[in-house]
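Opening the notebook on this one today. I want to look up the pockets, then the cores, then one of the sheets.

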Amino acid sequence: MSLPVRNPRTGQADYAIDPIDAAEIAAVATRLRTAQSGWTALAPEARSAALRMFADAVDRHRGPIGEALTTDTGRGAISRVEVESVIRVARRWAHQAPALIAAGQPQGVPTSVPGIETSTRLVSYPLVGVISPWNFPLTLSLIDAIPALAAGCAVIVKPSEVTPRFIRPLREAIAEVPEIAAVLALIEGDGATGAALIEAVDYVAFTGSVATGRKVSEAAARRLIPASLELGGKDPMIVLASADPDHAADVALRASVLNNGQACQSIERIYVARAIAEPFVEALVAKAGAARLNHPDLASGDIGPFIFDKQAAIVAEQLRDARERGARILTGGEIEQLGGGLYLRPTVVTEVTPDMALMRDETFGPVLPVTTFDAVEDAIVLANSGEFGLSAAVLAGTTEEAERVAVRLNAGGVSINDGSLTGLVWEAEKSSFGASGVGPSRMGASGLLRFFRKQALIRQTGAPLPLAAYAEEAL
């Protein structure tokens, strides 16, 4: 049965996908597993060569893929950035993978036992399943798939049913590289498809909400297969008294509302020192009020529509709850329906309290709640409150002052004198703290090496010990 897909700018269902069932997933898995044995047997350099060809194919198809992403998400510039970033990621892993794989396989290492040495083999997981979300459809479909391919795995990707239009033009790019087409499949489907996918693979990489992540983790645990989960965030920003308030407002606005706030690394809580709170809030309100919706012209403006209409309802409910509990909304605050799309202008909120849903639950919208603090210790306690620990930010007059606070925050990645840098920089490994995720980092070397199991080869280079060596008299 076809599944209708809503256009975020018009509000109309103008596309459909055909979810595949468990039997079809099993057939895809069988085909990929058969091809994977030859793929993993290739030298890492040969796999890298195929990944470079894949990057070139995506480059050739960047127009149709970007157009599909734009329709999927209602924003154009970031869709083009997504395509470019995927091309760079494929080329980056093609360049780095051979050396990382060689370094991960030490040979002839002496042990504490005379005459015995070891070597390590990296053995690819045969089939990886990727389940990706709707906010960055292309990037988050391939951020795990590309390094898994470089590691010698076959991969099935199940993108979100909210933003699936890019799948078909991406498949055309994949088809131009037979080596990749044999071991990479994108499937259309919904939550039931994702659940069936977990039953067919050897490793699952999931990006999405905490609620769904728990279900994925439980399903993987029942099968005793590993899972990498990057889940939600409620990222705090601390603005110290030494920071320039106008500059801090620029950083806070961009880090909070880029992609309409629909990013896990978006700043969703701002704690500002009382000494600069007034000029900071004044600047933030002015800058937020000047931000433009990209309606009616998609080719201009700063803020796109909510990609997922249900997310607009969640944000509206958080704002309603905050108002009823005494919060002040200084700009924005109302969901606007324009041409069928749902928009929210950047919304600055003050007089918020920790018990509000706006300060406790993930928002995923262009909302900037601001709390004033007197002591830095208080700001650290507030920033570390709650169940999440994905990322954070600290702004100060100097890098050194900001870093002294940054190291005390319970977050996997902390931006210093900027915000949301984890969305730009993928080289540094970081863990997801708290409910923000589990498993190895998708950044840095772990982004590749997590897709291997380690096999130890233990060599006896001398004479093996006889049983008599363990006799009671001998010991």
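**Pockets**

I started with the largest pocket, and its volume comes out at about 1200 Å³. This is a predicted model, so I am noting computed values throughout.

Next I asked which residues sit closest to the centre of the largest pocket. Of the 45 residues in its lining, those are Trp134, Gly208, Ser209, Thr212 and Phe308.

I then went through the elements that give two or more residues to this lining: β1 (3-6), α9 (191-198), β8 (203-207), α10 (210-223) and α13 (309-324). Helix α10 gives the most, with 6 residues. Sorting the lining of the largest pocket by class, I get 22 nonpolar, 12 polar and 11 charged residues.

On to the second largest pocket, which has a volume of about 730 Å³. I find 32 residues lining it, and the closest to its centre are Phe136, Gln265, Gly423, Leu424 and Trp426. Helices α4, α5 (137-142) and α11 (245-257) each supply at least two lining residues here. Which helix supplies the largest share of this lining? That is α4, with 7 residues. By class, I count 14 nonpolar, 10 polar and 8 charged residues in the lining of the second largest pocket.

**Cores**

I looked up the largest nonpolar core and got 84 residues. Phe54, Leu138, Ile146, Val155, Leu170 and Ile180 have the most contacts inside it. Helix α4 (residues 77-103) turns up again, giving this core its largest share, 10 residues.

I picked Ile146 for a closer look and left out residues up to four places away in sequence. On that basis Ile146 touches Leu51, Phe54, Val86, Val89, Ala90 and Trp93. Phe54 is on both of my lists, as a residue with the most contacts inside the core and as one that Ile146 touches.

Apart from the largest core I noted another one, of 30 residues, with Leu344, Val352, Ala379 and Ala396 among them.

**A sheet**

Last, I traced an open sheet of 6 strands and wrote down the order β7-β6-β5-β8-β9-β21, with mixed pairing. Strand β8 also appears among the elements lining the largest pocket.

Why do β7 and β21 each have one side without a neighbour in the sheet? Both stand at the edges, β7 at 184-186 and β21 at 437-438, and each has a single partner strand, so one side of each is left free of a neighbour there.

For β21, I checked the pairing with β9 (residues 227-230): it is antiparallel, over 2 bridges. Leu229 has Val438 in β21 as its bridge partner.

How values were computed:
Residues numbered from 1 in each chain as written. Predicted model: local features only at pLDDT ≥ 70, side-chain atom pairs only at ≥ 80, totals over all residues. Heavy atoms only, no water. Core = buried A, V, L, I, M, F, W, Y, C linked by side-chain atoms within 4.5 Å. Buried < 20%, exposed > 50% of the residue type's maximum accessible area, 1.4 Å probe, protein only. Helix = DSSP H or I, 4+ residues; strand = E, 2+ residues; numbered from the N terminus. Contact = heavy atoms within 4.5 Å. 1 Å grid on protein atoms, 1.4 Å probe; cavity = no way out; pocket = protein on both sides within 12 Å on 5 of 7 lines; lining within 4 Å. Points joined across faces, edges and corners; volume = space filled by probe spheres on them. Nonpolar A, V, L, I, M, F, W, Y, C, P; charged D, E, K, R; others polar. Pairing = 2+ DSSP bridges.
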